[in-house]
Amino acid sequence: MDHILKAVDDDLGALSYAVAALGDLAVAQVRAAVDVFARHDLPAADKVVRADNALDLQDAEIEKNAVRFIALRQPMADDLRRPIAAMKIAMQLERCGDLAKNIAKRVPRLDRAPTEAQAASISELGRLVSERLAAVIASYRGNDAQGAYEVWVKDTDIDERHEGVVREIVAGMAAAPDTVGDSIHLLFIAKNLERIGDHATNVAELVHYQITGTDLANRPKL
């Protein structure tokens, strides 16, 4: 019996390690996408786009291993929550990678490099988002329900910063109508970052549920 319990623990540990590693990769992708935008670095943007394949492969591997664990071990209660949460968290992280890829894909579509003010504004939003995503991965890695809750309740910070960025972009369009095309790309970049923040909040809910067995409800919104 002891060897069976150890095998279960080893499988769950490997699954958790893989999810945390995927989270680290997602954070790196978000930071890289914001960086290549701010620097208007086209070759680096292409590397970010191509790097998304690694997230897709890891997500698929996590799902496969989680399904196999459930089929072979037929876990109950706490042990069942962990593989289910792993699959759902991995899906959220893979979507973060897709959004980071979408940001990088818009870099070569810009007619001109972002102004210093635009780069600073969107970079600040990106910093908030990547820090929030990194924090929730840390809470998952540390089995920290309180840390996950703290990420969850701070969701409005990103919404507020996003709204500020949108106002700045719209004001820029009004002042310089010839920049409308680039401004639309900037709006999509900002929206992608805001959506990554939403996924980080979703992960926080999943981490909290995995640890406590209770749902977080009524996510704070503006």
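In the predicted model, helix α7 comprises 33 residues, which at 1.5 Å a residue should span 48 Å; the C-alpha atoms at the two ends of α7 are 48 Å apart, and the expected and computed values therefore agree. Gly213 follows α7 and has a positive phi, near 80 degrees.

Helix α7 belongs to a protein chain whose secondary structure consists of 7 helices and 0 strands. Read from the N terminus, the order of elements is α-α-α-α-α-α-α. Along the principal axes, the C-alpha atoms of the chain fill a box of roughly 70 × 35 × 20 Å. The chain has 222 residues, of which 45% count as buried. Among contacts with a separation of 6 or more, 84% join residues that are 24 or more positions apart.

The largest nonpolar core was examined next. This core contains 55 residues, and the members that touch the most other members are Ile89, Leu93, Leu133, Leu193 and Ile196. Two or more residues are given to the core by each of α1 (2-39), α2 (42-73), α3 (77-106), α4 (116-141), α5 (145-153), α6 (155-175) and α7 (180-212). With residues up to four places away in sequence set aside, Leu133 touches Ala26, Val27, Val30, Leu93, Cys96, Ile196 and Ala200. Two of these partners, Leu93 and Ile196, are also listed among the core members with the most contacts to other members.

Leu206 provides a further view of helix α7, in which this residue is found. Leu206 has a relative accessible area of 16% and is therefore buried, since the cut-off for that class is under 20%. Apart from residues up to four places away in sequence, Leu206 touches Ala85, Lys88, Ile89 and Gln92. One of these partners, Gln92, is 114 residues from Leu206 along the chain, yet the two C-alpha atoms are separated by 10.0 Å.

A charged residue may also lie in the interior, as Asp52 shows. Asp52 is placed in helix α2, and its relative accessibility of 1% is the reason why Asp52 counts as buried. Beyond its neighbours within four places in sequence, Asp52 is in contact with Gln29, Gly97, Asp98 and Lys101. Glu124, by comparison, lies in helix α4. With a relative accessibility of 29%, Glu124 counts as partly exposed. Glu124 and Ala32 stand 92 residues apart in sequence, and the distance between them in space is 14 Å from C-alpha to C-alpha.

Two residues in loops were noted for their backbone angles. His40 is placed in the loop between α1 and α2. The phi of His40 is near 50 degrees, which is a positive value in a residue other than glycine. The relative accessibility of His40 is 21%, so this residue counts as partly exposed. Asn143 lies in the loop between α4 and α5, and its phi, near 55 degrees, is likewise positive in a residue other than glycine. Asn143 also counts as partly exposed, because its relative accessibility is 48%.

Empty space in the model was then considered. Rolling a probe the size of a water molecule over the atoms shows where empty space is left. The largest pocket has a volume of about 200 Å³. Two or more lining residues of this pocket come from each of α1, α3, α4 and α7. The complete lining consists of Ser16, Tyr17, Ala20, Asp78, Arg81, Arg82, Tyr140, Arg141, Asn143, Gln210 and Ile211. By class, this lining divides into 4 nonpolar, 3 polar and 4 charged residues. Asn143, described above for its positive phi, is thus one of the residues that line the largest pocket.

A search of the whole structure finds 1 cavity of 30 Å³ or more. About 30 Å³ of space lies in the largest cavity. The residues that line the largest cavity are Leu12, Leu15, Ser16, Arg82, Pro83, Ala86, Tyr140 and Gln210. Helices α1 and α3 each supply at least two residues of this lining, which includes 5 nonpolar, 2 polar and 1 charged residues. Ser16, Arg82, Tyr140 and Gln210 line the largest cavity, and these residues appear in the lining of the largest pocket as well.

Notes
Residues are numbered from 1 along each chain as its sequence is written. This is a predicted model: local features need pLDDT of at least 70, side-chain atom pairs count only at pLDDT 80 or more; totals for chains, interfaces and linings use all residues. Side-chain values use heavy atoms; hydrogens and water are left out. A nonpolar core is a set of buried Ala, Val, Leu, Ile, Met, Phe, Trp, Tyr and Cys residues joined through side-chain atoms within 4.5 Å. Buried means under 20% relative accessible area, exposed over 50%, partly exposed in between (1.4 Å probe, protein chains only). Helices (H or I, at least four residues) and strands (E, at least two) are DSSP runs, numbered from the N terminus. Contact means heavy atoms within 4.5 Å. On a 1 Å grid over the protein atoms alone, a cavity is a set of points where a 1.4 Å probe fits but cannot get out, and a pocket is an open set with protein on both sides within 12 Å along at least five of seven lines; lining residues have an atom within 4 Å of a point. Grid points are joined across faces, edges and corners, and a volume is the space filled by probe spheres set on the points. Ala, Val, Leu, Ile, Met, Phe, Trp, Tyr, Cys and Pro count as nonpolar, Asp, Glu, Lys and Arg as charged, and the others, Gly among them, as polar. The expected span of a helix is 1.5 Å times one less than its number of residues.
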